[in-house]
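I opened the model to go through its helix packing, its loops and its backbone oddities. My notes follow in the sequence I made them.

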Amino acid sequence: MKNRKSKIELRLINMEDVTVEQVEWLLYPFIPYGKVTIIQGDPGEGKTTMVLQIIAKLTKGEPVLPVKDGETETIEQKSNPVHVIYQTAEDGLGDTIKPRLLAAGADCSKVLVIDDRDTPLTLADERIARAIRENNARLVIIDPVQAFLGAD
């Protein structure tokens, strides 16, 4: 029996040929736009609360962190409100998530959830990319990510 791995072509990228790109930050230096960020912690430590607070700020176009007078660091200033896609497998939308978004002051019209009641959502699902494109979403929250990995 032949080893399948030997058929994979070796391709190398020379770093001399790589173009330097600027990183756009949601929350410098912790959460970049366009990258995967994992917020990890034990149950009950406030991960979802923190994320919902961030969503509330973004949907109102407010900075995620307050900027001190005279501060010159690149922390996001007041900007246009954005759409956010929020997928949860642990909390009810009507009894937990929306009340917490309202308490945080979020503009709930800018928070979208992909309806996966009939067809379970996985990270490989085309509906995620489509929802991002069609709504120009700037942030996607998958809470918790393990619930959306799928069987394969």
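**Entry 1: a residue with unusual phi**

I started with Asn136, which at 60% relative accessibility counts as exposed. The cut-off for exposed is over 50%, so Asn136 qualifies. The model is predicted, so I kept in mind that local features need pLDDT of at least 70. I placed Asn136 in the loop between helix 3 (126-135) and strand 5. I then read its phi: positive, about 50 degrees, although Asn136 is not a glycine. Most residues other than glycine have a negative phi.

**Entry 2: overall layout**

I counted elements next and got 3 helices and 5 strands. From the N terminus on, I read them as β-β-α-β-α-β-α-β. The protein has 152 residues, and buried ones make up 26% of them. I also checked contact range. Among contacts between residues at least 6 apart in sequence, 60% join residues at least 24 apart.

**Entry 3: helix 1 on its own**

Does the length of helix 1 agree or disagree with its residue count? Helix 1 has 14 residues, which at 1.5 Å a residue should span 20 Å. I found its end C-alpha atoms 20 Å apart, so the two agree. 

Which residues of helix 1 are buried? I listed Thr48, Val51, Leu52, Ile54, Ile55, Ala56, Leu58 and Thr59. As a reminder to myself, residues three or four places apart in an α-helix point the same way, because there are 3.6 residues a turn. I then asked what the buried residues of helix 1 pack against. The partners are strand 1 (25-27), strand 2 (31-32), strand 3 (84-88), helix 2, strand 4 (111-112) and strand 5 (139-143). Right after helix 1 comes Gly61, with a positive phi near 75 degrees.

**Entry 4: helix 1 against helix 2**

Two packed helices are described by the angle between their axes and the distance between the axes. I looked up both. Helix 1 (residues 47-60) and helix 2 (residues 93-104) pack at about 55 degrees. Their axes are 9 Å apart. That angle makes helix 1 oblique to helix 2. The crossing of the two is right-handed.

I pulled out the contact residues. Helix 1 gives Thr48, Thr49, Leu52, Gln53, Ile55, Ala56 and Lys60. Helix 2 gives Ile97, Arg100, Leu101 and Ala104. By class, I sorted the residues of this contact into 6 nonpolar, 3 polar and 2 charged.

**Entry 5: the loop after helix 2**

I moved on to Gly105, in the loop between helix 2 and strand 4. Is Gly105 buried, partly exposed or exposed? Its relative accessible area is 29%, so I logged Gly105 as partly exposed. Leaving aside neighbours within four places in sequence, Gly105 is in contact with Ala56 and Lys60. I checked the pair with Ala56: 49 residues apart in sequence, 5.8 Å apart in space, C-alpha to C-alpha. Ala56 had already come up as buried in helix 1. Ala56 and Lys60 are also part of the contact with helix 2.

**Entry 6: cis peptide bonds**

Most peptide bonds are trans. I noted two cis cases here. The bond from Tyr28 to Pro29 is cis, with omega near -5 degrees. Pro29 sits in the loop between strand 1 and strand 2. A cis bond also joins Asp143 and Pro144, with omega about -10 degrees. I found Pro144 in the segment after strand 5.

**Entry 7: what touches the second cis bond**

I looked at Ala89, in the loop between strand 3 and helix 2. At a relative accessible area of 47%, Ala89 is partly exposed. Not counting residues up to four places away in sequence, Ala89 touches Asp143, Pro144, Ala147 and Phe148. Ala89 and Asp143 are 54 residues apart in sequence and 6.5 Å apart in space, C-alpha to C-alpha. Ala89 therefore touches both residues of that cis bond, by the contact limit of heavy atoms within 4.5 Å.

Technical notes: Residues are numbered from 1 along each chain as its sequence is written. This is a predicted model: local features need pLDDT of at least 70, side-chain atom pairs count only at pLDDT 80 or more; totals for chains, interfaces and linings use all residues. Side-chain values use heavy atoms; hydrogens and water are left out. Axes are lines fitted to C-alpha atoms, for helices over the stretch in contact, and angles run from 0 to 180 degrees between N-to-C directions. Helices (H or I, at least four residues) and strands (E, at least two) are DSSP runs, numbered from the N terminus. Angles under 35 degrees count as roughly parallel, over 145 as roughly antiparallel, 65 to 115 as roughly perpendicular and the rest as oblique. A crossing is left-handed if the near helix is turned anticlockwise from the far one by less than a right angle, and right-handed if clockwise. Ala, Val, Leu, Ile, Met, Phe, Trp, Tyr, Cys and Pro count as nonpolar, Asp, Glu, Lys and Arg as charged, and the others, Gly among them, as polar. The expected span of a helix is 1.5 Å times one less than its number of residues. Buried means under 20% relative accessible area, exposed over 50%, partly exposed in between (1.4 Å probe, protein chains only).
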